[in-house]
Amino acid sequence: EHLEQPIDFERAVVVSGDEKRFDSFRFHVWHSVYSNNTRLSELRKLLEVSDRAVPWVSIAVPLNRESSRIDGLDDARWRVFLPLLEPGPSSCIFSGAFFVGPSRQKMEYRLDEGILKTEWNKALVEQGLVELFSNITMDLPTIAHDLLYRDPKAYLSLFPSKPTSKNPSNL
């Protein structure tokens, strides 16, 4: 069920006017589809009338300091194929087939229980991303070897931090 695909890519960043600077951001990427997960399957059936839910997640582990700051912040932003406005829990890039709100800039997240899209997003994090991250953590010292030895603080930022609020406004 897990497809491992390491990739390197470049991203152009406009600095000022017509001047462009090209930075190379390097990541090791894991993709996974959780089609046999009971909870996600139950939610997919409930959502299939109005929405299409895909149990896909990915984690991109930055391989150098520059890549660990791809969004210009301490923690990378959550992604639903494109970056959202919400910071993620670590410098790894966490992506998934999450439902987003009407602005398409934030994940669908409501505090009242029973909201299906919010339940899907929570289950995809808990059943997909957490499991995938747990499976790859033993490999991180080998995969992010350069980051570990050149910048231990940036290496530690790969691991999710505890939320600072007891009443989260997002995942």
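This is a short talk on the aromatic pairs, one helix, one strand and the salt bridges of this structure.

Okay, let's start. One caution up front: this is a predicted model.

Aromatics first. How many aromatic pairs does the structure hold? Three. I'll take two of them.

Phe94 and Phe133 come first. Their ring centres are 5.9 Å apart, with the planes at 55°, so this pair is tilted. To be edge-to-face, the planes would have to be over 60 degrees apart. Where do the two residues sit in the chain? Phe94 is in strand S6, residues 93-96. Phe133 is in helix H3, residues 116-136. That is 39 residues apart, so the pair links distant parts of the chain.

Buried or exposed, this Phe94? Buried, with a relative accessible area of 5%. Phe133 has 8% relative accessibility and also counts as buried. The cut-off for buried is under 20%.

Next pair: Tyr155 and Phe159. Here the centres are 5.7 Å apart and the planes make an angle of 70°, which is edge-to-face. Tyr155 is buried, at 8% relative accessible area. Phe159, at 31%, counts as partly exposed.

Now put these residues together. Phe94, Phe133, Tyr155 and Phe159 form one aromatic cluster.

Back to strand S6, where Phe94 sits. Which way do its residues point? Ile93 and Ser95 go one way, Phe94 and Gly96 go the other, and all are buried. S6 has a partner strand. It pairs with S3, residues 56-62, in the antiparallel sense, over four bridges. One bridge to look at on screen: Val57 has Gly96 of S6 as its partner.

On to helix H3, the one that carries Phe133. Does the end-to-end length agree or disagree with the residue count? H3 has 21 residues, and at 1.5 Å a residue they should span 30 Å. The end C-alpha atoms are 29 Å apart, so this agrees. H3 also has a kink. It is about 30° and centred on Val125.

Last topic: salt bridges. The count is four. I'll go through three of them.

Start with Arg39 and Glu42. Their side chains meet in a salt bridge, 3.9 Å from N to O. The cut-off is within 4 Å, so this pair counts. Both residues are in helix H1, residues 38-47. They are three residues apart, so about one helical turn separates them. Arg39 is partly exposed, with 33% relative accessible area. Glu42 is partly exposed too, with 42%.

Arg39 has another salt bridge, with Glu119. This one is 3.5 Å, N to O. Glu119 is in helix H3 and Arg39 is in helix H1, 80 residues apart, so the pair links distant parts of the chain. Glu119 is at 15% relative accessibility and counts as buried.

What else does Glu119 meet in a salt bridge? Lys122. The closest N and O atoms are 3.8 Å apart. Lys122 and Glu119 are three residues apart in helix H3, so again about one helical turn lies between them. Both are buried.

Chain those up and you get a network. Arg39, Glu42, Glu119 and Lys122 are linked by salt bridges.

To wrap up, two groups of four named residues. Phe94, Phe133, Tyr155 and Phe159 make the aromatic cluster. Arg39, Glu42, Glu119 and Lys122 make the salt-bridge network. Helix H3 holds Phe133, and helix H3 holds Glu119. That's it from me.

Key
Residues numbered from 1 in each chain as written. Heavy atoms only, no water. Phe/Tyr/Trp six-rings, centres within 6.5 Å; stacked < 30°, edge-to-face > 60°. Buried < 20%, exposed > 50% of the residue type's maximum accessible area, 1.4 Å probe, protein only. Expected span 1.5 Å × (residues − 1). Bend = angle between axes of the 7 residues up to and from the residue. Pairing = 2+ DSSP bridges.
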